[in-house]
Amino acid sequence: MKNRTKMFSVTASDCRWDVFRGSGDGGQKKQKTSSGVRCVHEASGAEGKATDSRHQNVNRKTAFERMIATPEFQGWLKLKIDAGLGHVEIEERSEQGNIIRRKLGQEEV
C-alpha cells in the first residue's frame, strides 16, 4: 500500500492585499503612485510589506516572500504539518505570469 501525503496550498487568494503610496527616497514617481504593497495571510495573521521598487508587481512578489518568512506564518505552517498534512505547497506567479509552486516540508520549518 502506498504511503500518501496530504497537501494543501497557500496562494495569493488566501491573502488580503493592500496597496499604498510609498514614502522616503525615490522621487516624485514613487510618491505619486500606489506602488507599496502589504500582504496579510488571513489564517495566520502574518504580514509582509514591500515598498522597495517603484513597480507594484515587483513589490507584490517581495511582500509575499516576506510574509512567508515571518515567524507567525512559520508557526502556523508547523501546526499544519504536525497535524498530519505532510507538506505545504506555496503558489506564486512569476513576472512573466507563470505559476511557480514550491513545496515546504517539515525539514524547512
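# Tour of a three-stranded sheet and its helix

Start at the hairpin that E3 and E4 form: five residues lie between the two strands, and Gly45 in the turn has a positive phi of about 80°. Keep in mind while looking that this is a predicted model.

**The whole chain.** Zoom out and colour by secondary structure. The chain has three helices and six strands. Read from the N terminus, the elements follow the order β-β-α-β-β-α-α-β-β. Of the 109 residues, 33% are buried. Switch on a surface: the chain exposes about 7100 Å², with 45% of that supplied by carbon and sulfur atoms. As for the contacts within the chain, consider those between residues at least 6 apart in sequence; 45% of them join residues at least 24 apart.

**The sheet.** Select E2, E3 and E4. These three strands form an open sheet in the order E2-E3-E4, with antiparallel pairing. Residues 15-20 are strand E2 and residues 47-50 are strand E4; both stand at the edges with a single partner strand each, so one side of each has no neighbour in the sheet. Looking across the strands, the twist from one to the next averages 15°.

**Strand E3.** Now select residues 36-41, which are strand E3. Is E3 largely enclosed or largely open? Five of its six residues are buried, so E3 is largely enclosed by the rest of the structure. While the side chains are displayed, recall that in a regular strand they alternate between the two faces of the sheet.

**The E2 side.** Show the backbone of E2 and E3 together. The two strands pair in the antiparallel sense over six bridges. Which residue of E3 is the bridge partner of Arg16? Select Val40, and the pair is complete. Next select Asp18, whose bridge partner in E3 is Arg38.

**The E4 side.** Move across E3 to its pairing with E4, which is also antiparallel and runs over four bridges. Select Val37 here and look for the residue opposite, Ala50 in E4. Following the chain between these two strands leads back to the turn with Gly45, within the hairpin where the tour began.

**The helix across the sheet.** Finally, add residues 56-68, helix H2. Which strands does H2 lie across? H2 lies across E2, E3 and E4, and runs at about 145° to E4. To end with a single view, keep H2 displayed together with the open sheet in the order E2-E3-E4.

Definitions and conventions: Residues numbered from 1 in each chain as written. Predicted model: local features only at pLDDT ≥ 70, side-chain atom pairs only at ≥ 80, totals over all residues. Heavy atoms only, no water. Buried < 20%, exposed > 50% of the residue type's maximum accessible area, 1.4 Å probe, protein only. Contact = heavy atoms within 4.5 Å. Areas by Shrake-Rupley, 256 points an atom, 1.4 Å probe, with all protein chains shown as cover. Pairing = 2+ DSSP bridges. Axes fitted to C-alpha atoms, helices over the stretch in contact; angles between N-to-C directions.
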